Protein chains: 2
Amino acid sequence: METEAAPGERVFSPRQAEVLEAALRELVEGGRPLTMGAVAKRAACSKETLYKWFDDRDGLLTAIVRFQAARVQVAAVEPGRLDLASLTARLEEFAANWLRVIASETSIALNRVAIGQAGGGAVPLGAIVLENGRFALGRRLKPVLEAGRAAGLIDFPESEEAFRTFFGLFARDVQIRLLLGERLDLAPDTIRADARRAARQFLTLYGAQPSTGMPG
Amino acid sequence: METEAAPGERVFSPRQAEVLEAALRELVEGGRPLTMGAVAKRAACSKETLYKWFDDRDGLLTAIVRFQAARVQVAAVEPGRLDLASLTARLEEFAANWLRVIASETSIALNRVAIGQAGGGAVPLGAIVLENGRFALGRRLKPVLEAGRAAGLIDFPESEEAFRTFFGLFARDVQIRLLLGERLDLAPDTIRADARRAARQFLTLYGAQPSTGMPG
DNA sequence: GCCGAACCGTAACGTTCGTTACGCTCGCCG
DNA sequence: CGGCGAGCGTAACGAACGTTACGGTTCGGC
């Protein structure tokens with residue numbers, strides 16, 4: 001998926017990618033706050049190299065966030081021709097994907113760092129996470145929603161509002177509970193069931209025709 | 001200080017409450033990470049006193065969280081006799097209250113600290129926040145939901161699941177965006193409108209009878 | 001008025017950690 | 001072969017901060 005380098009997006013050398021992988025592992029596995037020394041040791045590189053490549057600790061954190069964001073890119077769903085079944089499937093798939101992402105150790109650790117320094121640091125880590133997480137998500141789903149509307153399957157005045165409602169329906173309290181350290185086990189079956197329920201409820205709220213609950 | 005108190009709940013002396021207020025202000029207003037020195041200076045007390053009263057930094061943080069939690073206690077709603085109008089009003093009021101809480105600077109700062117040390121520290125700050133936030137919330141609302149079910153206004157198999165859906169409907173992406181540092185302006189009108197929408201959507205999903213949207 | 005306890009302000013100590021500097025090895029290029 | 005730049009490992013420096021210790025002040029009780 002090497003389509004285009006957006007402005008502000010830097011491509012990392014293979015060795016740099018290795019270092020960032022190591023930093024990510026350190027962030028996830030080592031419960032401690034991330035220190036430059038720990039990253040250097042785990043990556044088997046020198047601190048001097050870290051500073052040369054990433055300037056300072058904030059730069060390293062920013063690089064980690066961007067690096068991870070570049071990998072999480074889910075394939076954009078192309079609207080295509082939609083009937084009720086395929087729209088439902090798209091919604092379910094989308095919700096399940098997102099639940100899997102926010103339940104991953106990596107996402108939790110990254111969000112923790114971004115939240116922990118939000119409001120304090122000079123570097124808007126939180127903004128980067130939001131841009132590549134929540135907002136990228138919205139941009140991905142909106143075409144699907146609008147295609148569904150064009151097909152007469154659902155209706156809403158604003159796709160942004162419709163998306164936020166869908167977000168609430170599948171995310172619910174999961175993310176905040178995970179971030180606060182609760183050990184929720186999100187088994188694949190649980191995720192699938194939650195995604196199905198969210199899609200069904202969304203269609204109930206926004207369906208152009210009264211949608212009857214399917215069995216199952 | 002042999003004062004017998006409720007299990008896990010300690011009562012603070014007036015002076016201690018002052019100090020905790022100051023600590024809370026420092027946490028909210030000073031963008032920096034909370035240091036013992038900053039708290040002592042703002043509270044006009046000595047560090048030695050801080051350590052005597054709260055043992056160490058974790059103890060101080062825990063005390064701050066408990067102190068704030070003890071103040072936020074919203075009045076428990078008593079189910080009483082419910083018709084559709086009063087149930088709707090209860091839900092709207094509940095959602096609006098919660099939105100006001102999570103949008104407050106204090107709640108954001110406290111959640112940031114709890115999240116920042118979740119998974120790392122020995123003291124489960126996150127668990128305390130969850131217990132006094134999300135879970136206390138559920139305990140407050142469930143009687144209302146069950147009274148609504150008893151009155152035949154709504155129906156659901158599990159009040160926990162119904163509550164989580166309602167939570168998703170009013171919280172949506174607000175909390176995560178605030179925690180990540182986005183400046184959302186939640187004007188009173190916005191909050192009221194969001195609460196109304198969430199209550200209406202919840203009744204649409206769980207209403208025993210098809211509820212028609214009200215004008216306005 | 002005197003005593004002791006509580007408390008304030010400040011100094012001091014040790015650790016952690018970000019940041020910089022230095023010596024060494026290794027692979028590439030002329 | 002010789003130079004050289006990149007990068008590794010480690011040491012060193014300085015600041016921030018948690019924690020402890022100390023001297024001075026206030027205040028209630030005798």
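This report covers the two DNA strands and the contact between chains A and B in a predicted model.

Local features need pLDDT of at least 70, side-chain atom pairs count only at pLDDT 80 or more, and totals for chains, interfaces and linings use all residues. Residues are numbered from 1 along each chain as its sequence is written, chains are lettered from A and ligands numbered from 1 in the order in which they are written, and side-chain values use heavy atoms, with hydrogens and water left out.

**DNA strand D**

Strand D is surrounded by 16 residues. A residue counts as near a strand if one of its heavy atoms lies within 4 Å of it. The closest are A:Arg15, B:Met36, B:Lys47, B:Glu48 and B:Tyr51. Of the atoms of DNA strand D that come within 4 Å of the protein, 56% belong to sugar and phosphate.

Three polar pairs on this strand appear in the table below. A polar contact is a pair of N or O atoms within 3.5 Å; within protein, one must be able to donate a hydrogen and the other to accept it, and residues adjacent in sequence count only if both atoms are side-chain atoms.

Helix 3 (47–54) of chain A and helix 3 (47–54) of chain B are the elements that give two or more residues to the surface near strand D. Helices (H or I, at least four residues) are DSSP runs, numbered from the N terminus. The largest share, four residues, comes from helix 3 of chain A. By class, this surface has six nonpolar, three polar and seven charged residues. Here Ala, Val, Leu, Ile, Met, Phe, Trp, Tyr, Cys and Pro count as nonpolar, Asp, Glu, Lys and Arg as charged, and the others, Gly among them, as polar.

**DNA strand C**

Strand C also has 16 residues around it. A:Met36, A:Lys47, A:Glu48, A:Tyr51 and B:Arg15 are the closest. Sugar and phosphate make up 60% of the strand C atoms that come within 4 Å of the protein. Helix 3 of chain A and helix 3 of chain B each supply at least two residues of this surface. Helix 3 of chain B gives the most, with four residues. The classes are six nonpolar, three polar and seven charged residues.

| Protein atom | DNA atom | Distance |
|---|---|---|
| B:Met36, polar backbone atom | strand D, phosphate oxygen | 2.9 Å |
| B:Lys47, side-chain N or O atom | strand D, base oxygen | 2.6 Å |
| B:Tyr51, side-chain N or O atom | strand D, phosphate oxygen | 3.3 Å |
| A:Leu34, polar backbone atom | strand C, phosphate oxygen | 3.5 Å |
| A:Glu48, polar side-chain atom | strand C, base nitrogen | 2.2 Å |
| B:Thr49, polar side-chain atom | strand C, phosphate oxygen | 2.9 Å |

**Chain B against chain A**

Here 36 residues of chain B are in contact with 36 residues of chain A. Contact means heavy atoms within 4.5 Å. The two chains bury about 3,100 Å² between them, 63% of it on carbon and sulfur atoms. Buried area is the accessible area (1.4 Å probe) that two parts lose on being put together, summed over both. In chain B, B:Arg164, B:Arg172 and B:Leu180 lose the most area to chain A, together 23% of what that side buries.

Six salt bridges link the chains. Each is a side-chain nitrogen of Lys or Arg within 4 Å of a carboxyl oxygen of Asp or Glu. One of them joins A:Arg172 and B:Glu161 (3.0 Å, N to O). There are 10 residue pairs in polar contact between the chains, both at pLDDT 80 or more.

On the chain B side, the elements that give two or more residues are helix 6 (105–117), helix 7 (125–150), helix 8 (159–171), helix 9 (174–179) and helix 10 (188–206). Helix 8 gives the most, with seven residues. By class, that side has 15 nonpolar, 11 polar and 10 charged residues.
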